[in-house]
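Student: Please take one part of this model and look at it closely. Then work outward, so that I can place it among its surroundings.

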Amino acid sequence: EQSRFVSTHMLSVAASAAGALALSLPTFVVLLRAMERSVGLAPPIPSQLAGESAEACALFRHLPALRLRLAWRSLGAVRTPVHSCGLNGRSFLVKREDLASPAYGGNKVRTLQHTLAVLEARRARAVAEGGAAPGMLVVGSGGSNQVVATAVHAARLGLPPPDVAWLSPDEPDLDNSLNMLSALSLPLGGRVTAWGASASGTLTLAASLLGLLPKLARGEVVFPIGANTAAGVLGQVGAMLELAEQVAAGECADPGRVYLPVGSACTLSGLVLGVALARRLGLPAFRASEFELVGVPIHNLFAAAERTLRLHTAAPFSAVPLTVGHTVREGAAALAQLGGPDVTAEALAVLESEVRFVTRPDLVGLYG
């Protein structure tokens, strides 16, 4: 009885959330596109070129011309190992992104390597030209990893404390509570705590997002949900190129399947683009006959939308931020704009035939 109740409740929440999303979709699209543009791309400043080795960046190792066109900071990150694991008689590999940085690891490090560096470069140039350096606001929910990661690594670069927009609360469980306590223990700027009615109260969340308009109008930089921007995606492309190098060096087998959680779609989009680029470059990886990237949405609303509407891959959503279809296109366009190869067609082919989403309600659960 309890299992049936939980299942029915999850389906009810997903259905109501999907309806709210449909009503507020234009608002989301306009605001999220404005956030993407607020970050943008920027070439490195002299201190970045002097302080960072191009050999430490997988993207620059394979496309060295990009070093002078796209700002990058290592954030103390190192090449992450691939470990062999076993559970219940099954063996699998784990790429230890949690070990990416001694200050604060996880997949957010690669996302922030370019985004924070772009902000640093833009601020330095603005001051040098006699203007005002743009401020930074980071968007997240109550238990956001992004808020913590951005605050930690921004401080290490000497950037001012970020303003924070906590748009919705999360359940007060251990992980969320520790993330919130960690965020509050760090230097932060002004806080915009316009909570939504619930984690899936999308109309209220859209109203909260509208509160960010004044900062966008002033030219502030707003890191959107998951820091899903072209610069962030290119950081994740580097992760896939690094894995391809590890396969080529014999450090691990060529994977037939790669699993990852999907939130803002930034990481998965970077992996899709990375597969296409690795193949274009002739790297001996991701060549299995039935290779696939398997994404598991972490938000019940997005899982329901993918299950019923093919949110991440259907053509009507290709202009909607936070979808893989849109983000892959934006990342591929940025790569070509910077002078890299245009792998748009190959990346979209990977998305169409080699990406699978697991959207079972019992696995996804309720967000937060």
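Tutor: Start with strand β3, residues 136-140. It runs parallel to strand β6 (residues 221-223), and three bridges join the two. Val 138 of β3 stands opposite Phe 223 in β6. β3 also runs parallel to strand β4 (residues 163-166), here with four bridges. In that pairing, Leu 137 stands opposite Asp 163. Two strands pair if DSSP finds at least two bridges between them. Strands are DSSP runs of E with at least two residues, helices are runs of H or I with at least four, and numbering starts at the N terminus.

A word on the source: this is a predicted model, where local features need pLDDT of at least 70, side-chain atom pairs count only at pLDDT 80 or more, and totals for chains, interfaces and linings use all residues. Residues are numbered from 1 along each chain as its sequence is written, and side-chain values use heavy atoms, with hydrogens and water left out.

Is β3 covered or open? It is mostly covered, with five of its five residues buried. Buried means under 20% relative accessible area, exposed means over 50%, and partly exposed lies in between (1.4 Å probe, protein chains only). Met 136, Val 138 and Gly 140 are buried on one side of β3. Leu 137 and Val 139 are buried on the other. Both faces are therefore covered.

Now step back to the whole chain. It has 14 helices and nine strands. Of its 368 residues, 52% count as buried. Take the contacts between residues at least 6 apart in sequence: 77% of them join residues at least 24 apart. Contact means heavy atoms within 4.5 Å.

Other strands come next. β1 (residues 82-87) and β2 (residues 90-95) run antiparallel, joined by six bridges. Ser 84 has Leu 93 in β2 as its bridge partner. Two residues lie between the strands of this hairpin, and Asn 88 takes a positive phi near 50°.

β7, β8 and β9 form an open sheet, in that order, with parallel pairing. The edge strands are β7 (257-262) and β9 (355-357), each paired on one side only. Neighbouring strands here are turned by 25° against each other on average, direction ignored. Axes are lines fitted to C-alpha atoms, for helices over the stretch in contact, and angles run from 0 to 180 degrees between N-to-C directions. Strand β8 (residues 292-297) pairs with β9 over three bridges. One of the partners is Val 355 in β9, opposite Leu 293.

Next, two helix pairs. The axes of α5 (residues 145-156) and α6 (residues 174-184) come within 9 Å and cross at roughly 30°. That makes α5 and α6 roughly parallel. Angles under 35 degrees count as roughly parallel, over 145 as roughly antiparallel, 65 to 115 as roughly perpendicular, and the rest as oblique. In α5, Asn 145, Val 147 and Val 148 meet Asn 179, Ser 182 and Ala 183 of α6. This contact has three nonpolar, three polar and no charged residues. Ala, Val, Leu, Ile, Met, Phe, Trp, Tyr, Cys and Pro count as nonpolar, Asp, Glu, Lys and Arg as charged, and the others, Gly among them, as polar.

The second pair is α9 (residues 230-248) and α12 (residues 324-337), whose axes come within 9 Å and cross at roughly 85°. α9 is therefore roughly perpendicular to α12. Ala 230, Val 233 and Leu 234 in α9 meet Thr 327, Glu 330, Gly 331, Ala 334 and Leu 335 in α12. By class, this contact has five nonpolar, two polar and one charged.

Last, some backbone angles. Most residues other than glycine have a negative phi. Leu 75 has a positive phi near 60°. It sits in the loop between α3 (58-62) and β1. Leu 75 counts as buried because its relative accessibility is 6%. Leu 322 takes a positive phi of about 75°. Its place is the loop between α11 and α12. Leu 322 is buried too, with a relative accessible area of 6%. Just after α11, Arg 310 has a positive phi of about 55°.
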